[in-house]
Amino acid sequence: MKTDTSSLHIYNQSMSLLTDLYQLTMGYGYWKAGLDKKEAVFHLFFRRPPFQGGFTVAAGLEYVIDYLTNFRFDPSDLQYLASLKNPDDGPLFEEEFFDYLADLRFTCSLDAVPEGTVVFPYEPLLRVQGPLIMCQLLETPLLNLINFSTLIATKAARICIAANGEPVLEFGMRRAQGVDGALTASRAAYIGGCESTSNLLAGKLFGIPVKGTHSHSWVMAFEDELEAFQTYAKSLPGNCVFLVDTYDSLEGVKNAIEVGKWLKTQGKKLLGVRLDSGDLAYLSILSRKLLDDAGFTETKIFASNELDETLISELKRQGAQISVWGVGTNLVTAKDQPALDGVYKLSAIRDPGKDWHYKLKLSEQMMKISNPGILQVRRYKTEKENIADAIYDIHSDMRQECHLVDPFDSTRQRVLSSNLQSEDLLIPVFKEGQRVYNSPSLDEIRNRTQEQLLQFPVGVKRFLNPHQYVVGMEKSLYDKKVRLIQTIRSEMFRDFLISPEGNNRN
């Protein structure tokens, strides 16, 4: 019998198998070895700002909250796992493990950066503390839920900065990567600053304002363009933005003006004309003159057609008379960088009630060495703007001045006065599995993004060679990291030099 995998059934079930197989095999290994009760701390962070930019906008936390609230393995999940085989055709997992999974619930503590917060590389966006097996099982889903939302919110923020206060409409659903890609992108784009979306389902689910006009097929369905505009105006007189480039853009504007005159007699307005091809700067300038000369000074010129922050900035530099920007493919797919390099790393482990043992991942590349400890981020600011972020261990004494060290160049250091204003970015969301966080509305998150961006120097928001905002490690944490690296490497070097018989290798 063929399994029904239609999209109508994908989300109407447990989502606990939204993970990679190796998370379950590691979890099984922890359980078999009796390590499932160990307590661990993991941090989710990224290593590079997307789009070669100077900032990133955190998003996706609400998805995380929903996922963790509903986390459980239902009977169909366990039945599927029981069907998995080893290469020798034996069962991959033993029956007792399924009993364990059936009772497993989210009991960890989660601290997170609120959505709409501007963040930077190596700063933890999430900190998860709890049973090792539970923390491990969350790696893939948390990265999936945070990475894409954060990427698109950042792209939208950059596009809105380029638009310089003019409305940006998200038009990308038809080019998005599937149903979930479209919905996630619409929500994240709104967080980043877009005014509305064309995605009706996103409007229904998230309360995002929806906007739209008509396509070329509407015009092509009639004998001529003027008739098409007239018919549309009679059907929707309060929503007239005409797409004018089906045949000839400037002739299309003239036809829109003729229909606009009729709309005036009905007490309605010609809201806008939309350009979707050609030289947008040139055409918008001529269109503006045609509209103004005909008395339609309030009619807006919309533009679409493969727009992004770079093209919008260039069109503005050329004096384009565009006042509303419709951005689709390049926004919802983050076409110039389709993934955020978010990672999720173990940083501390202990037996319940015992002392923490700090952990880090070593690498020959300094940028891939993770930070040990139980981390927090403190943002320092003057009355005018944010000036630096400190990554520190929660057990560090932060009551005095903060000594910052650049983790990639220890000669670059900075001392931050205790008199500076500051705030910690990670806030409690769950305490031992119980939700303690009241989620803001989507409009509040969107407003937070705008408020956050205003608090940073303009150079940080520059598209080309942006200013590098100061992010450093608090010195005692940096020193612990260096000592831990030295300890691990000295043990590795000793094992390399000493043979199993105890003889030195030459």
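In this predicted model, the search for enclosed spaces gives 2 cavities of 30 Å³ or more. The largest cavity holds about 70 Å³ of space. Its lining consists of H43, F45, Y122, P124, K345, S347, S370, N371 and L375, and strands β1 (39–46) and β12 (342–350) each contribute at least two residues to this lining. By class, these lining residues divide into 4 nonpolar, 4 polar and 1 charged.

The second largest cavity has a volume of about 50 Å³. Around this space stand A58, A59, L61, V113, E115, L125, L126, I146 and T150. Here the lining comprises 7 nonpolar residues, 1 polar and 1 charged.

Turning to the open pockets, the second largest has a volume of about 740 Å³. It is lined by 31 residues, of which D406, Q468, Y469, V470 and V471 are the closest to its centre. Strands β16 (402–406), β17 (409–416) and β21 (470–474) each supply at least two lining residues, and β21 provides the largest share, with 4. The lining of this pocket has 17 nonpolar, 8 polar and 6 charged residues.

Elsewhere in the model, an open sheet of 6 strands runs in the order β7-β6-β11-β10-β9-β8, with parallel pairing. Strands β7 (196–197) and β8 (241–243) each have a single partner strand, so one side of each is left without a neighbour in the sheet. Within the sheet, β10 (residues 300–303) pairs with β11 (residues 324–327) in the parallel sense over 2 bridges. For a handy landmark along the sequence, A303 stands opposite W325 in β11.

Notes:
Residues are numbered from 1 along each chain as its sequence is written. This is a predicted model: local features need pLDDT of at least 70, side-chain atom pairs count only at pLDDT 80 or more; totals for chains, interfaces and linings use all residues. Side-chain values use heavy atoms; hydrogens and water are left out. Two strands pair if DSSP finds at least two bridges between them. On a 1 Å grid over the protein atoms alone, a cavity is a set of points where a 1.4 Å probe fits but cannot get out, and a pocket is an open set with protein on both sides within 12 Å along at least five of seven lines; lining residues have an atom within 4 Å of a point. Grid points are joined across faces, edges and corners, and a volume is the space filled by probe spheres set on the points. Ala, Val, Leu, Ile, Met, Phe, Trp, Tyr, Cys and Pro count as nonpolar, Asp, Glu, Lys and Arg as charged, and the others, Gly among them, as polar.
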